[in-house]
Amino acid sequence: MTALKVVSSKFASEIDQELMGSKVGFTLQQLMELAGFSVAQTIQREYPLEQNKNKNEVLIIVGPGNNGGDGLVCARHLKLFGYNPIVYYPIRSKRTPFYGQLVNQLEFFQVPILTEEQSTKWVDYLKPEKTLCIVDAIFGFSFKPPIREPFGSIVAEMHKVEDKIPIVAVDIPTGWDVDEGPVAEPHTTPRVLVSLTVPKPCSKFIKPERTAHYVGGRFIPNHFAEKYGFEPFPYQGTDQVLKL
Ligand SMILES: NC(=O)C1=CN([C@@H]2O[C@H](COP(=O)(O)OP(=O)(O)OC[C@H]3O[C@@H](n4cnc5c(N)ncnc54)[C@H](OP(=O)(O)O)[C@@H]3O)[C@@H](O)[C@H]2O)[C@H](O)CC1
Ligand SMILES: [K+]
């Protein structure tokens, strides 16, 4: 690929607002479903079950905003793909009833959800012999450092194991400044980054030898991409993700 196409955090949130505004009329639910589905598809590409016969557990760490919602959707799709997802959701947002509905769906799919009360139990899944990968769905493009608790401690624990258990970051590696990258502590260094709609400036700081970079969230027409100053991504066939 030639020069990476990115949009700033300001444009990323403008894109979201326009897609969900009265003129275009997407709902958050629609976009989140495709975003979470694309993260699950990336995991299936990078860590196929056929090549990991003895391990199928995926720990999904869910934050309080829409990045977390993407993680909840991803967990459901992973279950359908044959993985064994476990969700750690320490702070349950009440911003919209939709998050509660996503939780109900996970219960329906018999996906275990660890809560704040089980906060010591989640580290049991930071064991390389047990966990295939960790999904970082903690914060996305609305994160403003410095990180507050309990997420500071959670990210510090993830950082300790990141060379042994691969981290798959949803949209933004948690702890990274959306525009400036890994400038604050603690932060994680993912093995896989799934940028949603279009990469944000922080993705320029990933090292290709360390981190595979995908774009997902295939929900905009070409003319809309061009309006925001980036070329549409050449997704293949019915794929929801494209490796950059
Ligand atoms: N079009 C798309 O690409 C879509 C992307 N989606 C995903 O949505 C996120 C952005 O979601 P948003 O809800 O705007 O924000 P975040 O999930 O990043 O985080 C907001 C919550 O985080 C809290 N926060 C912020 N900074 C901190 C901090 N330093 N410490 C602790 N907590 C923090 C914030 O709390 P406040 O009290 O500050 O409000 C929020 O609770 C995007 O990245 C994609 O992943 C959607 O799925 C739609 C389609
Ligand atoms: K994230």
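## Strands, a helix and a potassium site

Strand S1 and strand S4 (residues 131-137) pair in the parallel sense over six bridges, where two strands are said to pair if DSSP finds at least two bridges between them, and where strands (E, at least two residues) and helices (H or I, at least four) are DSSP runs numbered from the N terminus. This is a predicted model, in which local features need pLDDT of at least 70 and side-chain atom pairs count only at pLDDT 80 or more, while totals for chains, interfaces and linings use all residues. Residues are numbered from 1 along each chain as its sequence is written, chains are lettered from A and ligands numbered from 1 in the order in which they are written, and side-chain values use heavy atoms, with hydrogens and water left out.

### Strand S1 and helix H3

Within the pairing of S1 and S4, Glu57 stands opposite Thr131 of S4. S1 is also joined by five bridges to strand S2 (residues 84-88), the two running parallel, and here Ile60 stands opposite Val87 of S2. Six of the six residues of S1 (residues 57-62) are buried, so this strand is largely enclosed by the rest of the structure; buried means under 20% relative accessible area, whereas exposed means over 50% and partly exposed lies in between (1.4 Å probe, protein chains only). Glu57, Leu59 and Ile61 cover one side of S1, and Val58, Ile60 and Val62 the other.

Together, S1, H3 and S2 make a right-handed β-α-β unit, a crossover being right-handed if, with the strands pointing away from the viewer, the path from the first strand over the helix to the second runs clockwise. Helix H3 (residues 66-80) has 15 residues, which at 1.5 Å a residue should span 21 Å, and its end C-alpha atoms are 22 Å apart, which agrees; the expected span is 1.5 Å times one less than the number of residues. Of the 15 residues of H3, 12 are buried, among them Asn67, Asp70 and His77. Just after H3, Gly82 takes a positive phi of about 100°.

### The potassium ion

Asn67 of H3 is buried, and its OD1 atom is one of the protein donors of the potassium ion (ligand 2). Donors are N, O and S atoms within 2.8 Å of the metal (3.2 Å for Na, K and Ca), and because water is not among the atoms, sites may look incomplete. The protein donors lie 2.6 to 3.1 Å from the ion, and they include backbone O atoms of Val170 and Ile172, two residues that are both buried. The six donor atoms subtend angles of 57 to 152°, which makes the arrangement irregular.

### Strands S5, S6 and S7

Five of the five residues of strand S6 (residues 192-196) are buried, so S6 too is largely enclosed by the rest of the structure. Val192, Val194 and Leu196 point one way from S6, and Leu193 and Ser195 the other way. The table lists the parallel neighbours of S6.

| Strand pair | Bridges | Sense |
|---|---|---|
| S5 (residues 167-170) and S6 | three bridges | parallel |
| S6 and S7 | five bridges | parallel |

Val192 of S6 is the bridge partner of Val168, and the bridge partner of Val192 in S7 is Ala212. His213 is found in strand S7 (residues 212-216) and, at 8% relative accessibility, counts as buried. The side chains of His213 and Ser195 are joined by a polar contact of 2.7 Å, a polar contact being a pair of N or O atoms within 3.5 Å, of which, within protein, one must be able to donate a hydrogen and the other to accept it, and residues adjacent in sequence count only if both atoms are side-chain atoms.

Definitions and conventions
Tetrahedral: all angles 85-135°; square planar, octahedral: opposite > 155°, others 65-115°.
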